[in-house]
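Subject: A structure to look through, with notes

Dear colleague,

I am handing over the structure below, and my notes on what was found in it follow underneath. Please keep it open beside the text, so that each residue can be looked up while you read.

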Amino acid sequence: MKRLAEIAAVSVIGIAAIVWMNLPSDAEVAGRPVGDPSVLLGETMGTTYRVVVPGVTDPALSAQLKEGIDTRLEGINRLMSTWRPDSEISRFNTSEAVDHPIPISQETFGVIAAADLIKQFTGGAFDVSVAPVVSLWSFGPDRRPRAVPTDDAIAAARELVGDVGISIVPGEFGLTKTAPGSAIDLSAIAKGYGVDAIGRLLDDVGLTNWLVEIGGEVRVHGPSGRGDPWRVGIDEPISGERSVRRVVGLPVGDLAALATSGDYRNFFEEDGVRYSHVIDPRTGRPARTDLVSASVLAHDCMTADAFATACLVVGPDDAYDLLIERGLEGCLIVATDDGFETRTTPGFPEKLSPPSPPTP
């Protein structure tokens, strides 16, 4: 078997919160001994990852898998993290070149090209060129004091978003800045892409049953270790309480990736008004809708990740229509006068009872 680190190093895909997901691995792993070689844990992208590979019992193979996973994720971070000043995307963002193609890797180009398609599908509700506005609202990597910008500052930053700021150079794996200060933020798609990349890595070494989760975004392949669908828990807000668990079984085949976005874990308040980190690229302001959480099922986690963010931007009614139009399934949690209401598309998995705790 080729070493996982080697596969991770060369793997390139040409052309991937109010709700914290209590992951299937919480249920699947419950009762397993500490150090179980089938459960791999680590940190990446400012959060944690968990990979479950039922049937892996050899500690040496487990260590090799983890080495490959860490290598692959580190490679993605070096390309796409806006929180690393030395990453490929950060170097693009700080470049002063205008109206001149800047070469980027095939992998980063592929993610940006996919994001551009999703921008078109969502009418601009998802747009990775939103970085200047995200930074203006103090949700970017520069860690500036959080405060509401002036209308003039918002209008100026908004001028850098969309086709007016960044253009793709097809066939050359390049991007062109058409305005000084334009920049890209892949944070709403990179975690999902990372999940997909690790899934492909596991496929490449012949593993047919696995779960991959990064920061709450999850994708599965094959049945769980029990032989049934993987069970994923989604926390739902309840009026007067923090949350209650909603457990669903992910499909074994298609639509086996789930991503959740929410609006109340990352925000600031000023003069009694809460400003969410979910920015509407079309207005340059934080999204203000009754939709507080969106969980999206898709064929790949990159798509699920991006559409979950777009759903929060457009609000519950348009989000439902968008999911139906694009052939995706979703669970939308909407704030009402009486608390919270859950709306699901017809094909979203039925709610299951939480698994029983293991017997001592």
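To begin with the cysteines, the count of disulfides comes to zero, and please bear in mind from here on that the model is a predicted one. Two of the cysteines, Cys-301 and Cys-311, are worth finding in the viewer: Cys-301 is buried, with a relative accessible area of 0%, and for Cys-311 the value is 0% as well, which puts it among the buried residues.

For an overview, the chain has 360 residues, and 55% of them are buried. Its secondary structure amounts to 10 helices and 19 strands, while the accessible surface is about 15,700 Å², with 51% of that belonging to carbon and sulfur atoms.

The interior comes next. The largest nonpolar core holds 48 residues, and those with the most contacts inside it are Phe-126, Ile-184, Leu-186, Ile-189, Leu-291 and Val-296. Several elements give two or more residues to this core, including helix 3 (59-80), helix 4 (88-94), helix 8 (190-204), strand 16 (291-298) and helix 10 (316-326), but the largest share, 10 residues, comes from helix 9. If you select Val-296 and leave aside its neighbours within four places in sequence, you will find it in contact with, among others, Ala-257, Leu-258, Ala-304, Phe-307, Cys-311 and Leu-323; Cys-311 is thus the buried cysteine mentioned above. Apart from this core lies another one, of 19 residues, among them Leu-40, Ile-198, Leu-201 and Leu-202.

Strand 7 (residues 210-214) is a good place to practise reading a strand. Which way do its side chains point? Trp-210, Val-212 and Ile-214 point one way, whereas Leu-211 and Glu-213 point the other way. In a regular strand the side chains alternate between the two faces of the sheet. In strand 7 five of the five residues are buried, and Glu-213 is one of them. Strand 7 also has partners: four bridges join it to strand 3 (residues 47-52), in the antiparallel sense, with Tyr-49 as the bridge partner of Ile-214. Five further bridges, again antiparallel, join strand 7 to strand 8 (residues 217-221), where Arg-219 stands opposite Val-212. Strand 7 and strand 8 form a hairpin with two residues between the strands, and in this hairpin Gly-215 takes a positive phi near 55 degrees.

Elsewhere there is an open sheet of three strands, in the order 4-6-5 and with antiparallel pairing. Its edge strands, each pairing on one side only, are strand 4 (102-103) and strand 5 (166-169). Strand 5 is joined to strand 6 (residues 174-177) by four bridges, and Ser-167 has Thr-176 as its bridge partner in strand 6. Helix 5 (residues 106-121) packs on this sheet and touches strand 5 and strand 6, with its direction at about 120 degrees to that of strand 5.

Finally, strand 17 (residues 329-336) and strand 18 (residues 339-344) pair in the antiparallel sense over six bridges. A hairpin of two residues joins them, and Thr-336 in strand 17 has Gly-339 in strand 18 as its bridge partner.

With best wishes

Terms used:
Residues numbered from 1 in each chain as written. Predicted model: local features only at pLDDT ≥ 70, side-chain atom pairs only at ≥ 80, totals over all residues. Heavy atoms only, no water. Pairing = 2+ DSSP bridges. Disulfide = S-S within 2.5 Å. Buried < 20%, exposed > 50% of the residue type's maximum accessible area, 1.4 Å probe, protein only. Areas by Shrake-Rupley, 256 points an atom, 1.4 Å probe, with all protein chains shown as cover. Contact = heavy atoms within 4.5 Å. Axes fitted to C-alpha atoms, helices over the stretch in contact; angles between N-to-C directions. Core = buried A, V, L, I, M, F, W, Y, C linked by side-chain atoms within 4.5 Å.
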